[in-house]
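Good morning, and thank you for coming. I would like to take you through one structure, region by region, beginning at a single side chain and ending at the central sheet.

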Amino acid sequence: ITGDPSLENYQLPKPSISRDRVFSKLGLSSDQKLILAISFRPNWLIPLLEKEKFIRWAYRAAKQIPGAVIVFKPHPTEKRSRLLEELSQWGINDALVLDNHQFSLYSLLPAALVVVQTWSMTLFEAVNFNRPVICVNPFGKNYDFFLPVIKKGGGVEVTSLSQLVSWLKILINHKNPLTIQQLSRAKQAIGKFILPTDGQATQRILAMLS
């Protein structure tokens, strides 16, 4: 109804500046390709087994993309230390795991080329930043039940590791016609759920409350 006031209040710097700052903090070289993976705290909707499969696939897929590096962002309700423990239990000891106190989602999106998630609401922010989203659905669940924007084109849904690798190779290249087409579909899909930021969201909220 109003648009996203948090996005409106974020003063987006030039992508190159934001990217340089993020890459410097992460110790990455400028020629690397950042894939942002959105972690979550397991619950009855998305249990630990599903999380493990998602993370394993994301990690393995990134390894097959030349020059790519995957960075895991903990959910705001998830402890970074716990995510590191889980990764270690799954034999993943060299993954980059962000500290939410040092990196905001809005600073990360301009630096990332593609976002990988299950059915996180991060999809909306990513598309608003012109970042394609891959929704990894390892058990073929009805993710559209949780986030109905997915099947409308908001994200590319994959149900196998091979599909994930194939789409990563496409979407990591923003000049690829299929990436351009997907971003267009995604913007149309989220347009039914959230208004684009036009600088008027706060005023509309105040008007509704008055």
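Let me begin with Lys 151, in what is a predicted model. Apart from its neighbours within four places in sequence, Lys 151 is in contact with Asn 142, Asp 144 and Glu 157. The residue belongs to helix H8, which covers residues 150–154. Is Lys 151 buried or exposed? Its relative accessibility is 52%, and because exposed means over 50%, Lys 151 counts as exposed. As for its position relative to Leu 48, the two residues are separated by 103 residues in sequence and by 24 Å in space, C-alpha to C-alpha.

A second local point concerns Asn 130. This residue sits in the loop that links helix H6 (122–128) to strand S5 (133–136). Its phi is near 60 degrees, a positive value in a residue other than glycine. For context, most residues other than glycine have a negative phi. Asn 130 has a relative accessibility of 31%, and therefore counts as partly exposed.

I turn now to the sheet. It is an open sheet of 6 strands, in the order S3-S2-S1-S4-S5-S6, and the pairing is parallel. Which strands form the edges? They are S3 (96–97) and S6 (156–158), each of which pairs on one side only.

Consider strand S1, residues 33–38, and its two partners. With S2 it pairs in the parallel sense over 6 bridges, and with S4, residues 114–117, it pairs in the parallel sense over 3 bridges. Individual positions can be read off as well. Lys 33 has Ala 68 as its bridge partner in S2. Ile 35 stands opposite Ile 70 in S2, and its bridge partner in S4 is Val 114.

How many residues of S1 are buried? The count is 5 of the 6, so S1 is largely enclosed by the rest of the structure. For S2, 6 of its 6 residues are buried. Both faces of S2 are covered, with Ala 68, Ile 70 and Phe 72 buried on one side, and Val 69, Val 71 and Lys 73 buried on the other.

Next, the helices. H3 lies across S1, S2 (68–73), S4 and S5, and runs at about 155 degrees to S2. H3 also packs against another helix. Two packed helices are described by the angle between their axes and the distance between the axes. For H3 (residues 48–63) and H9 (residues 161–171), that angle is about 45 degrees and the axes are 9 Å apart. The two helices are therefore oblique to each other, and H3 passes H9 in a right-handed crossing.

Which residues make this contact? From H3 come Trp 57, Ala 58, Arg 60, Ala 61 and Ala 62, and they meet Leu 161, Leu 164, Val 165 and Leu 168 of H9. By class, the contact residues comprise 8 nonpolar, no polar and 1 charged.

Finally, H9 itself. Its buried residues are Leu 161, Leu 164, Val 165, Leu 168, Ile 170 and Leu 171. Their cover includes S1, H3, S4, S5 and S6, together with helix H10 (177–190). Thus H3, which lies across strands of the sheet, is also part of what covers H9.

That concludes the presentation, and I would welcome your comments.

Terms used:
Residues are numbered from 1 along each chain as its sequence is written. This is a predicted model: local features need pLDDT of at least 70, side-chain atom pairs count only at pLDDT 80 or more; totals for chains, interfaces and linings use all residues. Side-chain values use heavy atoms; hydrogens and water are left out. Helices (H or I, at least four residues) and strands (E, at least two) are DSSP runs, numbered from the N terminus. Buried means under 20% relative accessible area, exposed over 50%, partly exposed in between (1.4 Å probe, protein chains only). Axes are lines fitted to C-alpha atoms, for helices over the stretch in contact, and angles run from 0 to 180 degrees between N-to-C directions. Angles under 35 degrees count as roughly parallel, over 145 as roughly antiparallel, 65 to 115 as roughly perpendicular and the rest as oblique. A crossing is left-handed if the near helix is turned anticlockwise from the far one by less than a right angle, and right-handed if clockwise. Contact means heavy atoms within 4.5 Å. Ala, Val, Leu, Ile, Met, Phe, Trp, Tyr, Cys and Pro count as nonpolar, Asp, Glu, Lys and Arg as charged, and the others, Gly among them, as polar. Two strands pair if DSSP finds at least two bridges between them.
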